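Colleague: I would like to go through the assignments in this model and hear the grounds for each one. Please set each value against its criterion.

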Amino acid sequence: MANGILIVNKPQDWTSQDVVSKLRGVFHEKRVGHGGTLDPMATGVLPVFFGRATRAVEFFEHADKKYVATLRLGLITDTQDTTGNVFENRQVSVSEEEIKRALEKFVGQIEQIPPMYSAIKIGGKKLYELARAGKEVERKPRRIEIFSLKAEHLEGNDWRLFIHCSKGTYIRTLCHDIGIALGCGGCMASLVRTAAGVYDLDKSVTIEELIADENRCERLLPVDSLFEKYSALSMTPAQEKCIRNGASFTYRGREGTFRIYSENGEFLALAQVKEGKFSTIKSFFGV
């Protein structure tokens with residue numbers, strides 16, 4: 001039985017759900033979920049959770065992301081990327097200094113209007129379903145945060161963007177909005193997610209590699225790898241019994257959120273110590 005987290009390098013033109021469906025068959029495990037949707041045209045880091053590790057997916061939803069994208073200036077499409085129908089193809093005349101000044105306006109907390117071609121639901125309908133039917137509806141802006149944003153010129157009207165951002169950021173929309181700010185328009189021509197939370201591209205594996213590897217289960221990372229930013233605490237047998245029974249107990253020690261282990265090193269839970277009381281946030285024993 002597969003339990004753990006796999007960092008997949010998602011292939012281009014696959015949906016995130018395509019990856020999950022494929023890996024259910026490869027690993028013969030029904031409980032499989034992914035840790036954040038990637039556009040079909042995008043490649044890169046897609047954490048996939050197996051077995052009891054799917055209990056940790058909710059903690060991954062808030063993870064920061066890092067991307068390398070290609071911004072194509074002058075091209076405006078209905079999908080905000082090069083897969084869509086072209087609205088306009090404008091002349092471009094911008095300097096590197098103008099690009100730099102434009103990017104500075106997008107760093108920090110900003111509001112972003114989700115694209116019509118997205119899976120967000122309004123009135124029970126996914127936006128991309130409405131868009132494909134030729135409809136456009138009003139979308140409320142969402143607050144996101146861009147932690148860093150840099151660019152380097154590739155060739156012609158293409159610029160490579162290096163982006164570190166919060167969850168919920170649409171890179172297609174960011175490219176579109178940068179193009180608008182420059183006065184020439186723009187869209188996303190390519191996208192690679194290079195990191196998601198604590199996981200980066202160096203730890204990833206391709207679908208082809210997994211299919212060919214008879215020892216593929218050994219590639220699964222333990223679920224506690226997701227919580228490495230938290231300090232570890234080791235429990236006594238009595239404390240471990242309380243944790244396994246879902247009971248809180250008095251604990252004398254520093255406060256905060258911790259990774260919890262048994263005396264023999266088994267990962268038991270993510271827990272909180274507050275005002276002298278120990279309580280489990282989520283149990284993971286048996287993973």
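Colleague: How do you know that the end-to-end distance of helix α5 agrees with its number of residues?

Modeller: This is a predicted model, and the check uses its C-alpha atoms. Helix α5 covers residues 171-182, which is 12 residues. The expected span is 1.5 Å times one less than the number of residues, which gives 16 Å for α5. The end C-alpha atoms are 17 Å apart, so the two values agree.

Colleague: What makes α5 count as largely enclosed by the rest of the structure?

Modeller: A residue is buried when its relative accessible area is under 20%. Nine of the 12 residues of α5 are buried, so the helix is largely enclosed. Among them are Ile171, Arg172, Leu174, Ile178 and Leu182. After α5 comes Gly183, with a positive phi near 85 degrees.

Colleague: What does α5 supply to the largest nonpolar core?

Modeller: Five residues, the largest share of that core, come from α5. The core has 27 residues, and Leu149, Ile163, Ile171 and Ile178 have the most contacts inside it. Strands β4, β10, β11 and β12 and helices α3 and α5 each supply at least two of its residues. A second, separate core of 18 residues includes Ile5, Ala63, Phe227 and Phe284.

Colleague: Which residues does Ile163 contact, leaving aside its neighbours within four places in sequence?

Modeller: The partners are Lys65, Lys66, Tyr67, Ala69, Ser148, Leu149, Ile171 and Leu174. Contact here requires heavy atoms within 4.5 Å.

Colleague: Why is the pair Asp39 and Arg172 called a salt bridge?

Modeller: The criterion is a side-chain nitrogen of Lys or Arg within 4 Å of a carboxyl oxygen of Asp or Glu. The closest N and O atoms of Asp39 and Arg172 are 2.7 Å apart, so the pair qualifies under that cut-off. The structure holds 11 salt bridges.

Colleague: What makes the pair Asp39 and Arg172 a tie between parts of the chain?

Modeller: Asp39 lies in the loop between β2 and β3, and Arg172 lies in helix α5, so the pair ties together parts that are 133 residues apart in sequence. Arg172 has a relative accessible area of 4% and is therefore buried. Asp39, at 21%, is partly exposed.

Colleague: Where do Arg101 and Glu97 lie, and how many residues apart are they?

Modeller: Both are in helix α3, four residues apart, about one turn of the helix. Their side chains meet in a salt bridge at 3.9 Å, N to O. Partly exposed lies between the 20% and 50% limits; Arg101 is at 45% relative accessibility and Glu97 at 44%, so each is given that label.

Colleague: Why is Arg143 called exposed?

Modeller: Exposed means over 50%, and the relative accessible area of Arg143 is 52%, so the label applies. The side chain of Arg143 meets that of Glu111 in a salt bridge, with 3.7 Å from N to O. This pair links distant parts of the chain, with Glu111 in strand β7 and Arg143 in strand β10, 32 residues apart. Elsewhere, Glu240, Arg244 and Glu266 are linked in a network of salt bridges.

Colleague: What makes the phi of His28 worth a remark?

Modeller: Most residues other than glycine have a negative phi. His28 has a positive phi, near 55 degrees. This residue sits in the loop between α1 and β2, and its relative accessible area is 71%, so His28 is exposed.

Colleague: Is Gln80 buried or exposed?

Modeller: Gln80 is at 11% relative accessibility and therefore counts as buried. Its phi is positive, about 70 degrees, although Gln80 is not a glycine. The loop between β5 and β6 holds Gln80.

Colleague: How do you know that β14 and β16 are paired?

Modeller: Pairing needs at least two bridges. Four bridges join β14 to β16, and the two strands run parallel, so the criterion is met. Ala232 stands opposite Arg259 in β16.

Colleague: In which sense do β16 and β17 pair, and over how many bridges?

Modeller: These strands are antiparallel, with six bridges. Gly256 stands opposite Val273 in β17. β16 and β17 form a hairpin with five residues between them, and Gly265 in the turn has a positive phi of about 95 degrees.

Technical notes:
Residues are numbered from 1 along each chain as its sequence is written. This is a predicted model: local features need pLDDT of at least 70, side-chain atom pairs count only at pLDDT 80 or more; totals for chains, interfaces and linings use all residues. Side-chain values use heavy atoms; hydrogens and water are left out. Buried means under 20% relative accessible area, exposed over 50%, partly exposed in between (1.4 Å probe, protein chains only). A nonpolar core is a set of buried Ala, Val, Leu, Ile, Met, Phe, Trp, Tyr and Cys residues joined through side-chain atoms within 4.5 Å.
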